[in-house]
Each structure stands twice: as structure tokens, then as C-alpha cells.
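This briefing is meant to be read with the sequence and the coordinates side by side. It moves from the overall division of the chain to individual elements and residues.

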Amino acid sequence: MDQDGTSNSNSFSNRLIASVEDLKVYFHSKKGLLHSVDGVSFDIVDGEIMGLVGETGCGKSVTARSFMQLVQTPPGVIAGGKIRFKSKKTGNQIVDLLSLTENQIRELRGERIAMIFQDPGKALNPGLTIRAQIAEVFQEHRENDVFEKAKLSHVLKGFIGVVLKKYMRQETNLFIRLLLFFPPIRSYKKKLDKAIDKLVTEALAETQIPNPEKVMERYPHELSGGMKQRVMIAQAIACNPDLLIADEPTTALDVIVQARILDLIKELQKRHKTSVLYISHDLSLVRKICDRVAVMFAGKIVETGNSDDIFKNPKHPYTKGLIRASFMTHERGKLEEIDGINAT
Ligand SMILES: Nc1ncnc2c1ncn2[C@@H]1O[C@H](COP(=O)(O)OP(=O)(O)OP(=O)(O)O)[C@@H](O)[C@H]1O
Ligand SMILES: [Mg+2]
């Protein structure tokens with residue numbers, strides 16, 4: 001392994017997009033060191049939907065956040081392990097996500113690896129319109145595409161390009177703001193804004209949100225739970241990531257909306273050939289969407305296999321318990337469906 005966390009190790013199979021190897025994440029607490037993730041290993045095959053299931057507090061989200069170096073340290077400690085990831089953008093170079101520098105991980109985060117969170121209400125910024133929140137992804141990771149879409153690639157190298165780039169990155173001081181009023185630059189700026197509008201609308205349309213042009217102008221509190229979750233998905237797929245991590249993306253939603261969001265993730269995964277790590281506590285839900293599944297219990301993986309095999313023939317007593325629990329949830333869900341019809 002090089003100092004910058006890259007390697008071309010042969011043990012990382014060509015079929016994989018990521019491999020978690022003996023990951024250990026601990027937290028300092030009043031009761032001592034909490035072994036939240038305690039030697040977790042599993043692979044994600046390129047193009048598959050891999051499920052990670054387990055009950056509340058077993059370490060699923062901490063595992064997921066480790067991919068993006070989003071574990072808060074302290075109180076967290078990455079006590080060991082690797083998360084190897086094949087970065088398609090950089091010629092399939094294999095990097096250890098845990099040993100990348102802040103700048104290196106920032107380049108991957110949101111662009112090559114994106115995440116959808118459990119509670120879209122918390123993950124979206126209440127003070128920004130949907131347009132502004134999705135536009136951020138394009139501004140940060142697809143600057144050149146935006147310029148091309150606006151047919152402004154010729155200005156990129158010149159002074160106007162510098163001004164417009166600063167505008168896009170929202171690095172505007174008084175001088176830049178004054179320059180933006182200068183008629184030739186103003187007309188370029190208009191084209192740029194139009195191009196961003198178009199990209200944002202396209203991203204929203206992919207999630208089948210009705211009237212994306214109108215939704216784009218709204219604030220998160222003006223949208224239903226299902227719509228907010230679609231906005232999060234639009235944001236996550238805006239850069240066509242290689243790996244999408246969906247951390248209980250439907251838990252806050254009722255059963256019917258939940259089913260629609262699941263279908264949407266599956267459809268997008270097929271269309272873009274994205275690999276997905278799908279996290280849930282509900283094994284029967286995971287069976288519907290995932291090719292394979294790893295079952296997690298108290299910081300460890302207790303069973304891994306094809307979703308159907310695990311569901312039909314669970315080996316670990318904990319997995320059997322999870323299956324029973326998910327049947328109970330779905331029986332309850334049937335009664336709730338009637339309320340959910342208008343919630344998307
Ligand atoms: N920032 C933190 N500080 C202290 N402890 C933490 C922190 N984040 C997570 N933990 C602990 O790590 C353990 C695993 O948490 P994690 O969020 O991964 O669970 P989970 O499996 O995602 O649960 P859920 O299904 O409820 O989302 C928990 O015991 C939790 O209290
Ligand atoms: Mg969680």
C-alpha cells in the first residue's frame with residue numbers, strides 16, 4: 001500500500017467494486033470503549049445490490065459512514081481494517097478509503113460514492129431551494145459538463161471563465177459580483193444558470209418526480225416525505241456514482257411510498273449499472289431488492305449469501321429472528337397502506 005492509500009493488489013478481484021476488510025470502529029463512551037463495528041468484512045460485487053441488514057444499533061450506519069470517512073473522530077476511533085474501492089474514474093485504481101487524505105476523499109465523496117440517508121428531513125438543508133441543493137453537486141463535481149451544456153467551453157480558459165467559475169463555486173466577492181453585471185458576462189451567466197436548471201431538472205425527472213421545474217423552486221418543508229427522498233436520490237445520482245450507499249432510505253415512509261422508492265432505486269441501478277450498498281433492518285425488504293446480503297449482529301457479520309438462500313434457509317439464529325420480525329412488520333404494514341396512498 002502506498003502512502004496515499006492506493007494499491008494494485010492482486011487479491012482484490014476484478015469483479016468487485018469495494019471490499020470491507022476486518023473493519024473496526026470503536027466509540028469512547030462513559031461505559032468505556034464501545035466496539036460498534038468489530039471486525040466486519042464483506043465484498044460488494046461490481047453492479048450488484050448488496051444488502052446490509054441488522055437490528056438497530058448493530059453498526060450498519062457506522063459501517064456505511066466509514067466508506068465516506070464520515071465517522072466522527074473523536075469520539076469514534078477507526079481501530080483497524082481497510083475499505084478498498086475501485087475508482088473507475090482513475091483507471092480502476094484501487095484505493096483504501098480509510099487512508100485517503102481529506103482532499104482525496106472529498107473528490108470521491110458525492111461523485112464516485114454517494115449516500116442516501118435515512119431521514120431526508122435532516123439531510124436536506126431547510127434554508128435552500130431544491131435547485132440550489134442539487135446544483136451544488138454539479139458545481140462541485142461536474143463544472144466542465146455545466147460549461148459544455150451551456151455551450152461555453154470556449155470561455156473556460158479566459159478571464160470570463162475565471163469569473164464564471166467563481167460564480168458557480170459561490171466564491172463571489174464584491175469585485176466579482178460587480179463583474180457579473182457587465183453585459184457580456186451577464187449573458188454568459190444567464191446561459192450557465194439555464195444549463196444548471198436543465199441538469200437539475202433532468203436529475204429530478206429521473207426520479208419520476210412530477211413537475212420537476214416547479215419542485216426545483218421549492219424548499220424541503222414544502223415537500224412530502226416521499227418527494228424529499230426522491231430529491232435525495234436525485235442529488236445522489238446526479239454524478240452517476242460508481243457506488244450508491246442507501247442507509248435505510250425508506251424507513252421514514254409508509255408502505256406504498258416505500259415500495260415505489262425501492263422500485264426506483266432498482267430501476268436506476270439497472271439503468272446506470274451502479275453498485276449499491278442497501279442498508280435496512282428489514283430482511284424481507286432487502287430480499288426484494290438485493291442480490292446478496294450480509295447479516296450484522298452486535299458489530300459483527302454473522303452470515304453472508306444470496307438473498308433468497310438466506311431468506312429460505314437462514315443458518316444463524318439471529319437471521320431467523322430477523323425474518324420473523326420482518327414478517328410481523330409487513331403484516332402491520334398491510335393495515336397502514338390505506339393511509340399512504342396520497343403521501344408521495
Ligand atoms: N457519534 C457517536 N458517538 C457515540 N456512539 C456512537 C456514535 N455513532 C454511533 N455510535 C454507536 O455505535 C453503535 C452503532 O450505531 P449505528 O448508528 O451504526 O447503528 P445502526 O445499525 O445503523 O442502527 P439503526 O438501525 O438504528 O440506524 C450504536 O451503539 C451507537 O450508539
Ligand atoms: Mg443506522
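The points below take up the domains, the ligand shell, two sheet regions, one helix and several backbone details.

The structure is a predicted model, and the statements that follow should be read as descriptions of that model. The protein is divided into domain 1, made of residues 6-112 together with 239-336, and domain 2, made of residues 123-238. Ligand 1 is surrounded by 16 residues.

**Domains and the contact between them**

- The centres of domain 1 and domain 2, taken over C-alpha atoms, are separated by 30 Å.
- Where the two parts meet, 15 residues of domain 1 are in contact with 14 residues of domain 2; on the domain 1 side, the largest share, six residues, is supplied by helix 11, which spans residues 255-272.
- Sorted by class, the residues on the side of domain 1 that touches domain 2 comprise 10 nonpolar, three polar and two charged.

**The shell around ligand 1**

- Among the 16 residues around ligand 1, those that come nearest are Ser36, Thr56, Lys60, Ser61 and Val62.
- The elements that give two or more residues to this shell are strand 2 (16-29), strand 3 (32-45) and helix 1 (60-67), and the largest share, three residues, comes from helix 1.
- The class composition of the shell is five nonpolar, 10 polar and one charged residues.

**Strand 8 and its parallel neighbours**

- Five of the five residues of strand 8 (residues 243-247) are buried, so this strand is largely enclosed by the rest of the structure.
- The burial applies to both faces of strand 8, with Leu243, Ile245 and Asp247 buried on one side and Leu244 and Ala246 buried on the other.
- Strand 8 runs parallel to strand 7 (residues 113-116), to which four bridges join it, and it also runs parallel to strand 9 (residues 275-280), to which five bridges join it.
- Leu243 takes part in both pairings, since it is the bridge partner of Ile113 and has Ser275 as its bridge partner in strand 9.

**The hairpin of strand 10 and strand 11**

- Strand 10 (residues 292-297) and strand 11 (residues 300-306) pair in the antiparallel sense over six bridges, and within this pairing Val293 stands opposite Gly305 in strand 11.
- The hairpin formed by strand 10 and strand 11 has two residues between the strands, and in this hairpin Ala298 takes a positive phi near 45°.

**Helix 6 and its surroundings**

- In helix 6, which covers residues 159-168, the residues Val163, Leu164, Tyr167 and Met168 are buried.
- Seen down the axis of helix 6, these buried residues fall within an arc of 135°, so they line one face of the helix.
- The cover over the buried residues of helix 6 includes helix 4 (130-141), helix 5 (143-149), helix 7 (174-179) and helix 8 (183-206).
- Helix 6 is followed by Gln170, which has a positive phi near 60°.

**Cis peptide bonds and positive phi in the loop after helix 1**

- Two cis peptide bonds deserve attention when the backbone is inspected: one joins Thr73 and Pro74, with omega about -15°, and another joins Pro74 and Pro75, with omega about 10°.
- Pro74 is found in the loop between helix 1 and strand 5 (76-87), and Pro75 likewise has its place in the loop between helix 1 and strand 5.
- Gln69 also lies in the loop between helix 1 and strand 5, and its phi is near 55°, a positive value in a residue other than glycine.
- Is Gln69 buried or exposed? Gln69 has 20 other C-beta atoms within 10 Å and therefore counts as buried, the criterion being 20 or more such atoms.

**Asp22 in strand 2**

- Asp22 has its place in strand 2, and its phi, near 50°, is a positive value in a residue other than glycine.
- Because Asp22 has 11 C-beta neighbours inside 10 Å, it counts as exposed, the limit for that class being 12 or fewer.

Definitions and conventions:
Residues are numbered from 1 along each chain as its sequence is written. Chains are lettered from A and ligands numbered from 1 in the order in which they are written. This is a predicted model: local features need pLDDT of at least 70, side-chain atom pairs count only at pLDDT 80 or more; totals for chains, interfaces and linings use all residues. The arc is that of the directions from the helix axis to the C-beta atoms. Two residues are in contact if their C-beta atoms, placed from the backbone, lie within 7 Å. Domain bounds come from an automatic or database domain assignment. Ala, Val, Leu, Ile, Met, Phe, Trp, Tyr, Cys and Pro count as nonpolar, Asp, Glu, Lys and Arg as charged, and the others, Gly among them, as polar. A residue is near a molecule or strand if its C-beta atom, placed from the backbone, lies within 6 Å of it. Two strands pair if DSSP finds at least two bridges between them.
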